[in-house]
Amino acid sequence: MIYSTFNDGEPEHSLLGFGIMRMPVNQDNSINKYLSEQMIDLAYKNGINYFDTSYVYHESRSESFLGQVLAKYPRNSFFVADKMPLWKVENFEDLDNILDEQLARLGMDYIDYYLIHAVNSAYYKKIKQLNVVDWLISKKAQGKIRHIGFSFHDNLDCLKDTLNLYDWDFCQLQINYADWNKFHAKDMYELVSTKNIPIIVMEPIRGGALANPAPEIAAILKDATPDATYANWAFRFVATLPNVKLILSGMSTIEQVQDNLTTFENEKNIHLNENEVNALDKAITIIDNLDTIPCTGCRYCMPCPFSVEIAPCFNQYNNNVIFGTNKYDAERDRANYCVSCKKCIPLCPQNINIPHELEKVAIKFK
């Protein structure tokens with residue numbers, strides 16, 4: 001395993017972090033604890049020591065599950081990252097209540113890396129109104145959290161404003177080669193780097209999309225390095241960025257854990273040669289010209305009050321644009337059920353105008 005550091009006084013952490021948001025599930029959508037624990041154990045025993053969860057992942061079951069699995073290991077042998085869901089905060093007291101609930105769910109006395117979850121322009125205003133930064137500082141002084149950061153989902157101007165609120169310990173950004181130009185990931189990376197703030201990368205494989213790229217892109221990558229998996233390409237793109245100190249992967253299967261462990265086994269495995277850099281440049285150019293919807297399948301927008309399966313709708317639309325496939329099922333996915341109530345819009349960390357995009361889906365597959 002490759003290790004890195006945030007230069008924050010903590011021991012080294014694995015460059016690959018485990019995101020506990022896409023674990024295998026049972027038919028009732030509960031976490032398949034048997035398979036999921038096998039995956040976490042395999043990751044831990046092969047050097048992964050950073051685990052990322054949140055208050056809302058897996059219908060608010062992720063924290064308790066993760067805490068139960070990690071309880072068998074020494075607390076000082078791993079790092080846990082968790083997040084404050086500002087959309088559930090109505091007043092200052094809610095901050096304490098939610099953090100205490102998170103610690104109880106985890107069964108832990110402290111959280112190593114604590115983030116304000118999915119900061120955007122609306123939450124930026126809330127951070128200032130409720131003095132959230134002062135609250136974070138006080139919790140750090142009490143030892144309930146050790147390092148303060150935020151995950152970000154908005155435009156460059158909002159990122160500038162957020163960076164100016166505090167001398168953050170770290171920042172979590174969505175970076176991958178699909179977003180590099182088209183959705184300004186490069187500009188955000190460079191802005192945070194100029195502040196000397198360590199970067200954690202989320203969605204390096206774009207919600208799994210880059211594990212199965214468009215045929216034209218796949219051909220370019222295969223021609224450059226035939227033996228590399230497409231996920232390997234995506235990881236190596238972000239791993240070679242100098243200020244990326246940790247890369248999260250929301251792994252869903254044992255096979256994904258095994259493949260990712262191979263990628264991060266040593267420095268040689270993540271190196272990009274000149275020919276591979278050129279291949280990725282060509283892939284980025286192709287993606288920049290595709291008319292896709294930037295949904296990662298996080299499901300923060302769900303449930304829809306009108307029973308629209310939002311993420312599957314967007315996934316089928318993108319698959320059609322990129323691959324030419326047509327697996328959309330109007331009865332199952334129900335894009336045409338959208339009445340533009342707009343309740344989903346403020347919940348989307350990608351700032352997608354969901355009703356507008358659902359209309360596109362309905363028209364395309366009519």
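**Exercise 1. The partners of F18**

Task: In this predicted model, determine which residue stands opposite F18 in β10, and which residue is the bridge partner of F18 in β4.

Solution.
Step 1. Begin with β10, which covers residues 244–249. In that strand, S249 stands opposite F18. Strands β3 and β10 run parallel and are joined by three bridges.
Step 2. Turn to β4. Here the bridge partner of F18 is F51. The pairing of β3 with β4 is also in the parallel sense, over two bridges.
Step 3. Follow the chain between these two strands. From β3 the chain passes through helix α1, residues 33–45, to reach β4, and this β-α-β crossover is right-handed.
Step 4. Examine the faces of β3, residues 16–19. On one side lie L16 and F18, on the other G17 and G19, and all four are buried, so that both faces of the strand are covered.

**Exercise 2. The barrel**

Task: State how many strands form the closed barrel and in what order they run.

Solution.
Step 1. The barrel has eight strands, in the order β3-β4-β5-β6-β7-β8-β9-β10, with parallel pairing. From one strand to the next, the twist averages 30°.
Step 2. Recall the general principle: strands of a sheet pair through backbone hydrogen bonds, either parallel or antiparallel.
Step 3. Consider one pair within the barrel. Strand β4, residues 50–52, pairs with strand β5, residues 79–84, in the parallel sense over three bridges. One residue to locate in this pair is D52, whose bridge partner in β5 is A81.

**Exercise 3. Two aromatic pairs**

Task: Classify the ring pair of F6 and F170 as stacked or edge-to-face, and then describe the pair of W87 and Y123.

Solution.
Step 1. The count of aromatic pairs comes to 18. For F6 and F170, the ring centres are 6.1 Å apart and the planes meet at 20°. Planes under 30 degrees apart count as stacked, and therefore the pair of F6 and F170 is stacked.
Step 2. Locate the two residues. F6 lies in the loop between β1 and β2, whereas F170 belongs to strand β8, residues 170–174. The pair links distant parts of the chain, with the two positions 164 residues apart. Both F6 and F170 are buried.
Step 3. The rings of W87 and Y123 are 6.1 Å apart from centre to centre, with 40° between the planes, and this pair is tilted. W87 is found in the loop between β5 and α4, while Y123 is in helix α5, residues 121–129. These residues are 36 apart along the chain.
Step 4. Compare each accessibility with the cut-off for a buried residue, which is under 20%. Y123 has a relative accessible area of 10% and is therefore buried. W87, at 27% relative accessibility, counts as partly exposed.
Step 5. Place F6 and F170 in a wider setting. Ring pairs link F6, Y50, F79, Y113 and F170 into a cluster.

**Exercise 4. Charges over rings**

Task: Identify the ring over which the charged end of R105 sits, and do likewise for R146.

Solution.
Step 1. The charged end of R105 sits over the ring of Y55, at 4.1 Å from its centre.
Step 2. For R146, the ring is that of Y110, and the charged end is 3.8 Å from the ring centre.

**Exercise 5. Backbone features**

Task: Find where the cis peptide bond occurs, and state what is notable in the phi values of E59 and R299.

Solution.
Step 1. The cis peptide bond joins M302 and P303, with omega about 0°. P303 lies in the loop between α13 and α14.
Step 2. R299 also has its place in the loop between α13 and α14. Its phi is near 70°, a positive value in a residue other than glycine. At 40% relative accessibility, R299 counts as partly exposed.
Step 3. E59 is in helix α2, residues 57–60. Although E59 is not a glycine, its phi is positive, at about 55°.

**Exercise 6. The setting of K222**

Task: Decide whether K222 is buried or partly exposed, and name residues that K222 touches.

Solution.
Step 1. K222 lies in helix α9, residues 215–224. Its relative accessible area is 33%, and K222 is therefore partly exposed.
Step 2. Leaving aside residues up to four places away in sequence, K222 touches A228 and Y230.
Step 3. Compare the position of T5. The C-alpha atoms of K222 and T5 are separated by 33 Å, and the two residues are 217 apart along the chain.

Definitions and conventions:
Residues numbered from 1 in each chain as written. Predicted model: local features only at pLDDT ≥ 70, side-chain atom pairs only at ≥ 80, totals over all residues. Heavy atoms only, no water. Pairing = 2+ DSSP bridges. Axes fitted to C-alpha atoms, helices over the stretch in contact; angles between N-to-C directions. Buried < 20%, exposed > 50% of the residue type's maximum accessible area, 1.4 Å probe, protein only. Contact = heavy atoms within 4.5 Å. Phe/Tyr/Trp six-rings, centres within 6.5 Å; stacked < 30°, edge-to-face > 60°. Lys NZ or Arg CZ within 6 Å of the ring centre and 35° of its normal. Right-handed = clockwise from strand over helix to strand, strands pointing away.
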